[in-house]
Amino acid sequence: MHKWIMAILLGAAGVMAAYLLLFEMPAKEETGENHDAGFTVPDTAVDAAAAESIYKSNCMGCHGGEYQGGMGPALNQVGATSSKEKIFKKVSGGGGGMPAFEDKLSEEDIINLTNWLSEFK
């Protein structure tokens with residue numbers, strides 16, 4: 001008798017789960033580069049000395065002294081392959097093995113570094 005009750009409860013739970021998955025799930029949010037479509041990195045004058053200093057103290061260990069890569073990808077042509085917005089989001093938010101720097105660097109420093117890296121073509 002207990003087996004039948006458990007079987008009925010398990011079956012009902014399965015039917016309810018299938019119903020919820022098929023009909024009650026919220027709509028999927030879009031992700032990717034267009035997620036913040038209105039975001040743009042401001043074009044500011046690049047302070048190359050400050051950007052190099054930030055790079056040497058935070059980035060060089062993974063991306064190399066000559067931007068050739070190592071543990072992280074090469075950055076010597078990052079401006080040719082990535083938009084400023086993508087570079088900014090990667091530096092500030094991290095991801096894919098890279099740490100986030102939004103809590104370690106000011107937004108102005110990240111913007112300066114972004115504009116500096118975007119010139120690497």
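## Lys84 and its contacts

Let's start with Lys84 in this predicted model. Setting aside neighbours within four places in sequence, Lys84 touches Val41, Pro42 and Asp43. Thr114, Asn115 and Ser118 are also in contact with Lys84.

Is Lys84 buried or exposed? Its relative accessibility is 19%, and buried means under 20%, so Lys84 counts as buried. You will find this residue in helix α5, which covers residues 84-93.

## The buried face of α5

Lys84 has company in α5: Ile87, Phe88, Val91 and Ser92 are buried there too. If you look down the axis of α5, these buried residues fall within an arc of 120 degrees, so they line one face of the helix.

What do the buried residues of α5 pack against? Their partners are α4, made of residues 78-81, and α6, which spans 107-118. Once you have followed α5 along, look at what comes after the helix: Gly94 follows, and its phi is positive, near 65 degrees.

## A nonpolar patch on the surface

Now for a look at the surface. Which residues form a nonpolar patch there? They are Met16, Tyr19, Leu20, Leu21, Leu22 and Phe23, and together they have about 700 Å² of accessible area.

Tyr19 is a handy member of this patch to pick out. Tyr19 sits in helix α1, which runs over residues 2-23. With a relative accessible area of 43%, Tyr19 is partly exposed, whereas Lys84 in α5 is buried.

Conventions. Residues numbered from 1 in each chain as written. Predicted model: local features only at pLDDT ≥ 70, side-chain atom pairs only at ≥ 80, totals over all residues. Heavy atoms only, no water. Helix = DSSP H or I, 4+ residues; strand = E, 2+ residues; numbered from the N terminus. Buried < 20%, exposed > 50% of the residue type's maximum accessible area, 1.4 Å probe, protein only. Contact = heavy atoms within 4.5 Å. Arc of directions from axis to C-beta. Patch = residues over 30% accessible without salt bridge, like charges linked within 9 Å, V, L, I, M, F, W, Y side chains within 5 Å. Areas by Shrake-Rupley, 256 points an atom, 1.4 Å probe, with all protein chains shown as cover. Salt bridge = Lys/Arg side-chain N within 4 Å of Asp/Glu carboxyl O.
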